[in-house]
Amino acid sequence: MGRRCLVLTAGMGAGHDAVAGELARRLRAAGHQVLVRDVLTLLPPGTGPALRGFYRCAVRRVPWVYALVHRVFLAPARAGGRRRRPGTGPLAALAERPLRALVDRWRPDVVVSTFHLAGQITGRLRERGALEVPCAVYVTDFAVHRAWPAPGNDLFLCVSEPVARRVRAGTGRPALATGPVVPPAFGRSGPPGPAARLAIARAAGRPVVLLSAGAWGVGPGLLPAARALAGAGCLPVLLCGRDEGLRRRAGRLPGVLALGWAHDLPGLMGAARVLVDNAAGQTAVQALAARLPVVGFRPIAGHGAAGVREMAAEGLTVYAPGLPALLTAVATLAPPGPPRDRLVRAGAALFQEDAAAAVARLAGAPATG
């Protein structure tokens with residue numbers, strides 16, 4: 001018997017929406033009803049767009065501001081620290097009543113959050129007994145900041161076992177290392193689409209190296225990195241997201257292929273030898289699913305920098321602190337060999353369980369298969 005599943009996301013970039021969309025697809029394929037809702041729309045009028053606009057401007061234009069916000073409101077407290085640090089609780093409180101009204105109207109059997117603010121809201125309500133529906137949180141980050149482990153939630157689904165251990169320690173609640181939530185197209189080979197065919201044609205035998213700027217075209221040092229990779233005999237393919245200005249600037253660099261929003265990302269990853277990543281987000285885990293080695297380089301401020309370093313510490317990626325290290329890492333990982341094989345195996349081992357199946361179990365759906 002199908003269950004009713006409410007999936008909470010947030011339009012802060014594209015990563016949280018991508019996870020929510022894939023969870024919803026899997027749940028619907030299993031016969032469940034799904035409603036996906038952006039948690040920012042539950043905040044008072046104007047608050048959600050203001051938060052999104054501030055975040056986008058900060059990470060693109062004044063990253064030191066976002067780094068400061070992350071350090072004050074989100075970063076884990078240092079061991080031995082005594083002073084209570086501000087958090088996102090007051091913001092979460094603003095959405096409690098609208099979420100309860102949504103739950104009363106739609107009557108879901110389970111709520112799953114793919115954004116930390118949504119998990120804060122459900123955790124607060126569950127902790128007070130004001131929400132009777134079981135709630136799960138899918139932790140999209142490798143670096144667990146203070147807003148993720150909201151203790152009132154019933155279950156946490158995590159990208160890796162080290163993340164799950166930290167969440168269990170911080171909440172005392174069950175936390176499963178299901179692995180990343182990635183569309184199946186990234187895990188199987190298929191015919192290349194137009195963008196992949198263009199990259200293959202332009203490469204002319206050179207190794208294709210993808211450089212990701214995320215949905216908003218954010219990335220310090222991406223243009224010099226692309227120029228250096230071209231000079232080293234690679235074909236750098238810069239994924240500029242929705243930033244047309246970045247795409248035009250990158251397109252003027254000799255030997256660089258600049259693309260806008262990539263609709264053929266699985267095909268591009270199938271044609272590439274390395275991904276250069278700066279955020280430890282969905283593009284990075286999609287590359288792991290596609291058996292594509294990842295090099296972390298010049299990460300974005302705040303959670304991006306923390307996540308890139310955590311992925312490298314888990315042995316899933318290589319971290320390059322500068323251009324010489326980036327060129328060395330690409331030269332090492334692009335050809336076949338043990339270093340490439342080790343990263344590919346480590347990334348593939350993350351994918352342990354279907355997170356959507358865990359959500360359905362929490363909702364009381366009978367086991368299948």
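A residue counts as buried when its relative accessible area is under 20%. The model described here is predicted. By that cut-off, buried residues account for 52% of the 369 residues in the protein. The protein contains 16 helices and 12 strands, and one of the helices, α7, is described in detail below.

**Overall form**

- The radius of gyration is 21 Å, which agrees with the value near 21 Å that a compact globule of 369 residues would have.
- Along the principal axes, the C-alpha atoms fill a box of roughly 60 × 50 × 40 Å.
- Of the contacts between residues at least 6 apart in sequence, 65% link residues at least 24 apart.

**Surface and charge**

- The protein has an accessible surface of about 16,000 Å². Carbon and sulfur atoms contribute 56% of that surface.
- There are 46 positive and 20 negative charges, and the mean positions of these two sets lie 7 Å apart.

**Helix α7**

- Helix α7 spans residues 161-171, and its buried residues are V163, A164, V167 and T171.
- These residues lie on the same side of α7, because they cover an arc of only 100° around the axis.
- In an α-helix there are 3.6 residues a turn, so residues three or four places apart point the same way.
- The buried residues of α7 pack against three strands: β4 (135-139), β5 (155-158) and β6 (175-177).
- G172, just after α7, has a positive phi of about 70°.

Terms used:
Residues numbered from 1 in each chain as written. Predicted model: local features only at pLDDT ≥ 70, side-chain atom pairs only at ≥ 80, totals over all residues. Heavy atoms only, no water. Helix = DSSP H or I, 4+ residues; strand = E, 2+ residues; numbered from the N terminus. Rg over C-alpha atoms; globule rule 2.2 N^0.38 Å. Buried < 20%, exposed > 50% of the residue type's maximum accessible area, 1.4 Å probe, protein only. Contact = heavy atoms within 4.5 Å. Areas by Shrake-Rupley, 256 points an atom, 1.4 Å probe, with all protein chains shown as cover. Lys, Arg positive; Asp, Glu negative; His and termini not counted. Charge placed at Lys NZ, Arg CZ, Asp CG, Glu CD. Arc of directions from axis to C-beta.
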